[in-house]
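Visitor: I should like to learn how to read the features of a protein model. Where should one begin?

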Amino acid sequence: MRERSEGRNLNNMVAVAMSGGVDSSVSAALLHNQGYRVVGIGLQLVDETEANGSARNCCGIGEMEDARRVAEKLGIPFYVLNFKDVFRKHVIDYFTASYLKGETPNPCVPCNGVVKFDTLLKAAMGFGAGLLATGHYAGVEFDVVNNRYVLKKGADGSKDQSYFLYSLSQEQLARAIFPMSDIQKVETRAIARGLRLKVHDKPESQDICFVGTEGYASYISRHAGVLFEPGPILDDAGVVLGTHQGLYRYTIGQRRGLNLSSPKPVYVIDIDPVHNSVTVAPGDRTRRQQRVLLGRMNYVSISKPREPLEVEAVTRYRKPHVPATLAPVDEDSSFALFHYPQEPTAPGQSVVLYHGDTVLCGGIVRRNNIA
Amino acid sequence: MAEDIYLDHAATTPLRREVQETLDEILSTTFGNASSIHSFGQDAKRLLEESREVIASCIGANPDEIIFTSGGTESDNLAIRGTALAQKDKGNHIITTTVEHHAVLNCCKALESEGFEVTYVPVNNECLVDPTRIAGAIRPETILVTTMFANNETGAIQPVAEIGELAGKEGVVFHTDAVQAAGKLPVNVEDLQVDLLSLSGHKIYGPKGVGALYVRRGTPLHPLFCGGHHEGAVRPGTENVPGIAAFAKAMEIVIEELPESGTRLRLLKEKLASGLIEIISGVRRNGSKDTDKSLPNILNMSIEGVDGESLLLNLDLMGIAVSTGSACTSGATDPSHVLLAMALPPQLAQSSLRFSFGRDNTEAHVERLLELLPDIVARLRRVSAVRLKDRPGSVQT
């Protein structure tokens, strides 16, 4: 019989979002061993019929059963909560709408900010857990001087997932635990092996968990109920080079899959939903960006600076830090001025600003970002 | 540590001691195949037929009208698909209600994809179906009416006898799922005027994996399985004699205990209902409180401003088991189709809890719930007002 609370002294109760993967499984195990009263939560995010059989699908029911087995092994309670509506509204619809506008979204950002650290955290608070843990490779610290919680990179640089968490608020960070913060991925697997968790050798999950083997394009046309509309692929002088198969199949900087017979490799430099066109240019003529305009800015670890601030920018997940100056425009938007011109950023992508291993803030690239 | 409290008897019930003794005894003494000619087989056959007589006498049927199955779902499927297939030359129309168990609804849906037509008759806001609406839906090609005796989520008791009379007048086969009603209400196939009636063992303190279908003599029925000549060739497969004997034992005892057991359960249920309404604001009962319109043991309540699932989790962490509706495979819940069919707003449907009482429950259990729930509800209402973000959403405009 598992441990049960008496309904009192729930202060050290923590909810762990358990996907069935190795990171969240080990997170639950570590917290359990540290003496927290751990409650495992599986998130039902899509319909069972919708979840395709892909092994790397974090929303699948099969994964839920993996999570349940881990919870049983640890002797902690485990529940599956139905978050299909909030996931559809804030992640899937956002993802498809963004692609249909010619953007390249990061659905993981609202999944963390809204589904996990808002809806799930509230559910956890509802049963008396003051804290929510996830298996993200990221950290949270309290800065006594500024009286603020600070979001940090994970110690394993190759796995760091702080990029996807920049949209959290102070209230959310205050209730967040990231047990993977100081751990290397290889250690995680070793811990899982040591605990005899069967998930220790599960493959890494993909970033877009709800799109399975069918691919983005098919998923989007099926989900949004739109057929792709072919349109022109232009060069940077406006000459038609070919035909594209629907804007949402393309992203800024893309080189492969363009089906153009040009002598030099060309890259997508613009996606224009108004004219349904894709513009390409050879590598030496892609317009390097001096600056980018970000919207929906969230200042996670700092308050909005009154003056320009020297930062390091990450323009896409896993890209290296590049030096930049952050210049807020208003409450919602800010420029990131690159010290050295950068490859074009894709509208819809998140640009996250760091100072060393601290996430300062982040925002979403606006379409007319070169203005 | 306080004792665990089980208030989910509509989902399943614990095995009763006497029933377990029967089960243990037969498992260890009688292993023969009831179809075998030798004495081992004859022993099993004797137990099987004795059990059939017990079940038959409990519901006012003849022994040859009882078919043993693997449980309620199989009984429903055999009744519905079995009569549909057997009468497909006669017609293709089936009448049911919007609040049936998924064993019935999904069987009907499957038949729709195979060329049958199904009319889903709605219910009123107390989960009750109007017999005249059933009668009004009958057409020349109607071959089956299937309505449950008592609803598994709200406990609503349908006017089955009236429906049976109307269907009988039109010469239409009538099936009722009595899985929830059995053991809480008298079940008599003559009074109800049914042709087919489903029963399950594990809802009446019997074992899981065993149930029965009553089939009135002369009712057309096509088997679902291909196999031998067991159970009148309608349900092939070697009979689960220990399970069947235990099921019969369980049935015999719950029938003996009526009506006193029902009176006792209804007192507990009404104590909880009136207590909740008194001490928590925004509480409403889903379904009728009339004794002749609701089961004595099932109480369905909505508590405004809180999520039923969250309430369930809170209670489970304290060792109290309740339900938000019918159990679902993944463990996650959708709003109940039954409550939505009663025209309950989706938000109130999501705020519902089902308490289903059983023989082990006491007044102390009700008192403990009444002691714990106000704090839980207050916390959940407080948390739902908390704003964790400056911006609630993330979708770009």
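Guide: The following dialogue takes several features in turn, beginning with a whole chain. Please keep in mind throughout that this is a predicted model.

Visitor: How many helices and strands are there in chain B?

Guide: Chain B has 13 helices and 12 strands. Its radius of gyration is 22 Å, close to the 21 Å that the globule rule gives for 397 residues, so chain B is as compact as a globular protein of that length. Along the principal axes, the C-alpha atoms of chain B fill a box of roughly 75 × 50 × 40 Å.

Visitor: What percentage of the residues in chain B is buried?

Guide: Buried residues account for 51% of the 397 residues. One may also look at contacts along the sequence: of the contacts in chain B with a separation of 6 or more, 73% are between residues 24 or more positions apart.

Visitor: How does one read a single helix, and which residues of α1 of chain B are buried?

Guide: One may begin with the length. Helix α1 of chain B comprises residues 17-29, and at 1.5 Å a residue its 13 residues should span 18 Å; the end C-alpha atoms are 18 Å apart, which agrees. The next step is to ask which residues are covered. In this helix, B:Val19, B:Thr22, B:Leu23 and B:Ile26 are buried. These four cover an arc of only 95 degrees around the axis, which puts them on the same side of the helix. On the other side of α1(B), B:Arg17, B:Asp24, B:Ser28 and B:Thr29 are exposed.

Visitor: What covers the buried residues of α1(B)?

Guide: The covering elements include α2 (39-59) and α8 (241-257) of chain B.

Visitor: How should a sheet be read, and what is the order of the strands in the open sheet of chain A?

Guide: One lists the strands in order across the sheet and then states the sense of pairing. Here five strands have the order β3-β2-β1-β4-β7, with parallel pairing. At the edges stand β3 (78-82) and β7 (176-177) of chain A, each with a single partner strand, so one side of each is left without a neighbour in the sheet. Five bridges join β2 (residues 37-44) to β3(A), and A:Gly42 has A:Val80 as its bridge partner. Strand β4 (residues 131-133) pairs with β7(A) over two bridges in the parallel sense, where A:Leu132 stands opposite A:Ala176.

Visitor: Is the edge strand β3(A) largely enclosed or exposed, and why?

Guide: Five of the five residues of β3(A) are buried, so the strand is largely enclosed by the rest of the structure. Both of its faces are covered, with A:Phe78, A:Val80 and A:Asn82 buried on one side and A:Tyr79 and A:Leu81 buried on the other.

Visitor: Which strands of chain A pair with β13 in the antiparallel sense?

Guide: Strand β13 (residues 309-314) pairs with β14 (residues 322-328) over five bridges, and A:Val311 stands opposite A:Ala324. Three bridges join β13(A) to β16 (residues 350-355), again in the antiparallel sense; here A:Glu312 stands opposite A:Tyr354.

Visitor: What is a nonpolar core, and how many residues has the largest one here?

Guide: In soluble globular proteins, nonpolar side chains tend to be buried together. The largest nonpolar core in this model has 227 residues, and those with the most contacts inside it include A:Val14, A:Leu151 and B:Tyr214. Helix α4 (residues 108-126) of chain A gives the most to this core, with 11 residues. Among the residues that A:Leu151 touches are A:Ala138, A:Leu173 and A:Val359.

Visitor: Which backbone angles deserve a second look?

Guide: Most residues other than glycine have a negative phi, and most peptide bonds are trans. A:Asn276, although not a glycine, has a positive phi of about 50 degrees. This residue is in the loop between β10 (266-272) and β11 (277-282) of chain A, and with 15 C-beta neighbours inside 10 Å it counts as partly exposed. B:Ala343 also has a positive phi, near 65 degrees. The loop between α11 (337-341) and α12 (346-350) of chain B holds B:Ala343, which counts as exposed with 11 C-beta neighbours inside 10 Å.

Visitor: Where is the cis peptide bond in chain B?

Guide: The cis bond runs from B:Leu258 to B:Pro259, with omega near 0 degrees. B:Pro259 lies in the loop between α8 and α9 (260-279) of chain B.

Note on methods
Residues numbered from 1 in each chain as written. Chains lettered and ligands numbered in written order. Predicted model: local features only at pLDDT ≥ 70, side-chain atom pairs only at ≥ 80, totals over all residues. Expected span 1.5 Å × (residues − 1). Buried ≥ 20, exposed ≤ 12 C-beta atoms within 10 Å, placed from the backbone. Arc of directions from axis to C-beta. Contact = placed C-beta atoms within 7 Å. Pairing = 2+ DSSP bridges. Core = buried A, V, L, I, M, F, W, Y, C linked by C-beta atoms within 7 Å. Rg over C-alpha atoms; globule rule 2.2 N^0.38 Å. Lists of a residue's contacts leave out its neighbours within four places in sequence.
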